[in-house]
Amino acid sequence: MPVTVLHDSRPLRIEEYCCSASHGDAPYSERHHGYSLAYVRKGSFGYHVRGQSFELVTGGVLVGRPGDEYVCTHDHAVGDECLVVHPTPELVDSLGESAKGWGAGALPPLSELVVLGELLQAAASGESDAGLDEAGLWLAARFLRLFGRGPRATRASARDRRRAIEAALWIDAHAHEELDLETSARAAGLSAFHFLRLFGKVLGVTPHQYLLRARLRRAARELAAAERSVTEIAFAVGFGDLSNFVRTFHRAAGVSPGAFRRAARGERAIVEERLQALLPALG
């Protein structure tokens, strides 16, 4: 798997993983050599570790801890791309009791993480003036603030996992449109009730939550890289009301869309303020 080191200094290293594996390729065992947070920026894959199985889709986060053996599979989609933050053991240890929450597993797309994952992506691609290390540290700090939600293993048949992954990919492709439960369920060929149960069982979020977070991902990307106004971005990604978008984004990122844009353009004071707000609470 091609791996590119994007940043390597204390307190963290950031890498880019691009995998082209498909269901026809034999999976193999690997080992985590340190702590890691892998933000899935594209694609989908299965993650099997310590007797548990997880399905990751775009916006999800793989959580790795030192020494754990794992296997990644691609039964439902071809390839994936991840940005991986590797904090040093010293950084994790410095966070005290909160570091105990760093269990191996995976997290579904969470609003509070997808916006920072997209900031990390914008910094990595040169579309933002934000510091790559600062964006990575912000993501790690927010993760530790939320670790109590914990990883959620997938207990579903291969057929149900395939259906849920395909549905997530469909929602992601149509996130800018008006979608409701019935429309998404019909696209998946299921009743609304069955679709709701299956999607949540496999991916750990409801279809509406996934739709909302897909829109937030796109909004964060646009805010970091585009010149369009906040209002234009809100409507373009699928929000029908500007005030709802502003409230939702602020709740997710901890800052307003405007402040997020300024942070993406290199205004260090905003990043430092958010880190100071997050890190003391983790100790």
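How many helices and strands does the protein chain have? In this predicted model, the count comes to eleven helices and ten strands.

A good place to begin is the overall form of the chain. Along the principal axes, its C-alpha atoms fill a box of roughly 50 × 45 × 35 Å. The radius of gyration is 18 Å, which agrees with the value near 19 Å that a compact globule of 283 residues would have. Of the contacts with a separation of 6 or more, 72% join residues that lie 24 or more positions apart in the protein chain.

Next comes the surface. The protein chain has an accessible surface of about 12,400 Å², and carbon and sulfur atoms contribute 49% of that area. The chain carries 33 positive and 34 negative charges, and the mean positions of these two sets are 6 Å apart.

Turning to the interior, 53% of the 283 residues are buried. In soluble globular proteins, nonpolar side chains tend to be buried together. Here, the largest nonpolar core has 55 residues, and Val115, Phe249 and Phe260 are those with the most contacts inside it. Helix 3 (residues 132–146) supplies the largest share of this core, with ten residues. A second core, separate from this one, has 20 residues, including Val57, Ala156, Ala164 and Phe195.

Phe260 offers a friendly starting point for exploring contacts in the model. Apart from its neighbours within four places in sequence, Phe260 is in contact with Val115, Leu116 and Leu119, with Ala220 and Leu223, and with Phe249, Ala253 and Val255. Val115 and Phe249, two of these partners of Phe260, are also among the residues with the most contacts inside the largest core.

Methods:
Residues are numbered from 1 along each chain as its sequence is written. This is a predicted model: local features need pLDDT of at least 70, side-chain atom pairs count only at pLDDT 80 or more; totals for chains, interfaces and linings use all residues. Side-chain values use heavy atoms; hydrogens and water are left out. Helices (H or I, at least four residues) and strands (E, at least two) are DSSP runs, numbered from the N terminus. The radius of gyration is taken over C-alpha atoms; the globule rule is 2.2 Å times the number of residues to the power 0.38. Buried means under 20% relative accessible area, exposed over 50%, partly exposed in between (1.4 Å probe, protein chains only). Contact means heavy atoms within 4.5 Å. Accessible areas come from the Shrake-Rupley method with a 1.4 Å probe; for residues, only the protein chains shown count as cover. Lys and Arg count as positive and Asp and Glu as negative; His and the chain ends are not counted. The place of a charge is taken as NZ of Lys, CZ of Arg, CG of Asp or CD of Glu. A nonpolar core is a set of buried Ala, Val, Leu, Ile, Met, Phe, Trp, Tyr and Cys residues joined through side-chain atoms within 4.5 Å.
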